[in-house]
Amino acid sequence: MNSNVAEMMIAPSLLACNQSCFGEEAERAGRSGADWLHLDIMDGHFVPNISFGPQVVKAIRPLTKLFFDVHLMCSKPEILLESFAKAGADEMIIHVELSEQVPSLIHKIKSLGKKVGLAINPPTAIAAVQPFLEQIDLLLVMTVNPGFGGQEFIPKCLPKIQQAQGWRREKNLSYRISVDGGINDQTAAECARSGADTFVAGTSLFGARSLEAAVKKMREIVNENQPGAGGLEMEGTGA
Ligand code: DX5
Ligand code: ZN
């Protein structure tokens, strides 16, 4: 029985929506067949851009049942966690680059009753996340340098996904492995083959003519490309 293999999740990133109508766009995502809505919070300090805050998250919360995956690209997430928790976040992702603050941030997110994600930027070695694997629900492998949508996928990040998947299996853990940045049908397939199970995509999904069709296609592609898919072996019953 392979209990640490996760169901594939598709998470459109609201950053790439038509920002003149967040509400309609959140509803559109809710009707698209996606599983999660990824919400990128940028503070103009941790990353050189500003996006939106808890007020927007609160305003769209009643409009969809999607799981709210809140990605905090912020230097001081501790001052924001409570606001995002109240606004309706289901998970809050902080960055491992905040180094010594990470343990207390994880603790705080858990104490707010939310799922915990840990993100890692392309230049940071994957070893940085190893001490936290037992404590997190999701590892977010950034596949671009964070701050902007529409950037090109960095293939050098693929070995990190493989390492994260190897550790998950060895340690029998169940954290999700998410990828974020430059994810389209082709790069999603590569990430799925490496062990990713959660796919954040802004430009390729919100920019598609039909969000629903784009989500459906990406889901088919990642399912076909997950390790073991299409193989002859079947899981034993383990009984
Ligand atoms: C980048 C953000 C991403 C962004 C991805 O800093 O963390 O979530 O929305 O956008 P695309 O899919 O356009 O690269
Ligand atoms: Zn993100």
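How many bridges join strand β2 (residues 36-42) to β3, and do they run parallel or antiparallel? Seven bridges do the joining, and the two strands run parallel. The close-ups below come from a predicted model, where local features need pLDDT of at least 70, side-chain atom pairs count only at pLDDT 80 or more, and totals for chains, interfaces and linings use all residues. Residues are numbered from 1 along each chain as its sequence is written, chains are lettered from A and ligands numbered from 1 in the order in which they are written, and side-chain values use heavy atoms, with hydrogens and water left out.

**View 1. Strand β3 and its two partners.** Here β3 (67-73) sits with β2 on one pairing and strand β4 (residues 91-95) on another. Strands are DSSP runs of E with at least two residues, helices are runs of H or I with at least four, and both are numbered from the N terminus. Two strands count as paired if DSSP finds at least two bridges between them. For a landmark on the β2 pairing, look for I41, whose bridge partner in β3 is L72. The pairing of β3 with β4 is parallel too, over three bridges, and D69 has E91 as its bridge partner in β4. From β3 the chain crosses through helix α3 (residues 81-87) to β4, in a right-handed β-α-β crossover. Right-handed here means that, with the strands pointing away from the viewer, the path from the first strand over the helix to the second runs clockwise. β2, α2 and β3 make a right-handed β-α-β unit as well.

**View 2. Both faces of β3 under cover.** Seven of the seven residues of β3 are buried, buried being under 20% relative accessible area, exposed over 50%, and partly exposed in between (1.4 Å probe, protein chains only). F67, D69, H71 and M73 take one side, while F68, V70 and L72 take the other.

**View 3. The zinc ion (ligand 2).** Which protein residues are the donors of the zinc ion (ligand 2)? They are H38 (NE2), D40 (OD), H71 (ND1) and D180 (OD), lying 2.0 to 2.3 Å from the ion. Donors are N, O and S atoms within 2.8 Å of the metal (3.2 Å for Na, K and Ca), and water is not among the atoms, so sites may look incomplete. Along the chain the donors follow the spacing H-x1-D-x30-H-x108-D. H71 lies in strand β3 and D180 in strand β7 (residues 176-180), so this pair ties together parts that are 109 residues apart in sequence. The six donor atoms subtend angles of 69 to 167°, which makes the arrangement octahedral; for six donors, that label needs opposite donors over 155 degrees apart and all others between 65 and 115. H71 is buried at 0% relative accessibility, and D180 is buried with a relative accessible area of 8%.

**View 4. T64, tucked into a loop.** T64 sits in the loop between α2 (54-60) and β3. With a relative accessible area of 8%, T64 is buried. Its side chain reaches the backbone nitrogen of L66 at 3.0 Å, a polar contact being a pair of N or O atoms within 3.5 Å; within protein, one must be able to donate a hydrogen and the other to accept it, and residues adjacent in sequence count only if both atoms are side-chain atoms. Leaving aside neighbours within four places in sequence, T64 is in contact (heavy atoms within 4.5 Å) with A26 and G30.

**View 5. Strand β7 between β6 and β8.** Five of the five residues of β7 are buried, so the strand is largely enclosed by the rest of the structure. R176, S178 and D180 point one way, and I177 and V179 the other. β6 (138-142) pairs with β7 in the parallel sense over five bridges, and L140 has S178 as its bridge partner. Three bridges join β7 to β8, again parallel, with D180 opposite V200.

**View 6. Helix α6, from start to finish.** At the start of α6 (residues 185-194), a side-chain oxygen of N184 reaches to within 3.0 Å of the backbone nitrogen of Q186. The buried residues of α6, including T187 and C191, pack against α5 (158-170), β7, β8 (198-201) and α8 (211-225). After the helix comes G195, with a positive phi near 125°.

Definitions and conventions. Tetrahedral: all angles 85-135°; square planar, octahedral: opposite > 155°, others 65-115°.
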